[in-house]
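Visitor: I would like a close look at a single part of this protein. Please pick one buried charged residue, describe its surroundings, and then place it in the whole.

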Amino acid sequence: MSQDIADAVNVLGAFCGQRDVQQLTHEHLEQAGYSKQADVLVLYGGSILCGVDVLAEAMRAGAARRYVISGGAGHTTEALRSQVKRAFPGIDVAGKSEAELFDACLHDRYGLHADYLECASTNLSVLHGYIAECRVGGTIARMLTAVLLRE
C-alpha cells in the first residue's frame, strides 16, 4: 500500500472513529458529560475481534447496566468466523451469527456473557431499527436514558 493511501485511510479512521469517551469507566463517562453508567452498551458485530476486549473491560468497569452484542449473518460474517477459528480453536463457528461468535469469544477469554444477543440484523441500518424497537418496546429496559454504541 502506498503512503498516500495509508495516510488517507488514517484520516478517515480518525474522523470516523472519534471517541466521545476515552475509556468506558464511571469516571471517564462523567468527565465526558454523561451519567456515570449507561443503561445499555451495544457492541456491533463485524469482523474486529478486539471489540471483545473493549467490551470485557467495560463490563468489568460497570460502564452499563446491560450489555448487548448485535450481529446476524452478513457481509463480514465469514471473515469473523475465520478469525475466531484461528484465535479460538475450541469455538465451533459453523452457522453462528456474529453476536453468538463474539459472545463465545467473550466467554472463552473472560468468562463473561452479554445480557442479550441480537442475532437477526444483517447490516447497521437493520440493527438501528432493532435497537430502536428495543428502546420503545422495553425488551431490554423500561426506558433507556443512555446507550453506548461500540463498533
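Guide: Helices (H or I, at least four residues) and strands (E, at least two) are taken as DSSP runs and numbered from the N terminus. On that basis the protein, shown here as a predicted model, has six helices and four strands. Their order along the sequence is α-α-β-α-β-α-α-β-α-β.

The residue to look at is Asp103, which lies in helix 5, a helix spanning residues 98–110. Asp103 is buried, and no salt bridge accompanies it. A salt bridge would need a side-chain nitrogen of Lys or Arg within 4 Å of a carboxyl oxygen of Asp or Glu; for Asp103, the nearest side chain of opposite charge is that of Lys96, 10 Å away. What Asp103 does have is a polar contact, side chain to side chain, with His113 at 2.7 Å. His113 also appears among the contacts of Asp103 that remain once neighbours within four places in sequence are left aside; the others are Ile69, Leu112, Ala114 and Leu117.

Helix 5 also packs against helix 3, which covers residues 50–61. The angle between the two is about 65° and their axes are 10 Å apart; the crossing is right-handed. On the helix 3 side the meeting residues are Val52, Asp53, Leu55, Ala56, Met59 and Arg60, and on the helix 5 side Phe102, Cys105, Leu106, Arg109 and Tyr110.

As for the whole, 35% of the 151 residues count as buried. Of the contacts with a separation of 6 or more, 67% are between residues 24 or more positions apart.

Note on methods:
Residues numbered from 1 in each chain as written. Predicted model: local features only at pLDDT ≥ 70, side-chain atom pairs only at ≥ 80, totals over all residues. Heavy atoms only, no water. Buried < 20%, exposed > 50% of the residue type's maximum accessible area, 1.4 Å probe, protein only. Lys, Arg positive; Asp, Glu negative; His and termini not counted. Polar contact = N/O pair within 3.5 Å; in protein donor to acceptor, adjacent residues only side chain to side chain. Contact = heavy atoms within 4.5 Å. Axes fitted to C-alpha atoms, helices over the stretch in contact; angles between N-to-C directions. Left-handed = near helix turned anticlockwise from the far one by under 90°.
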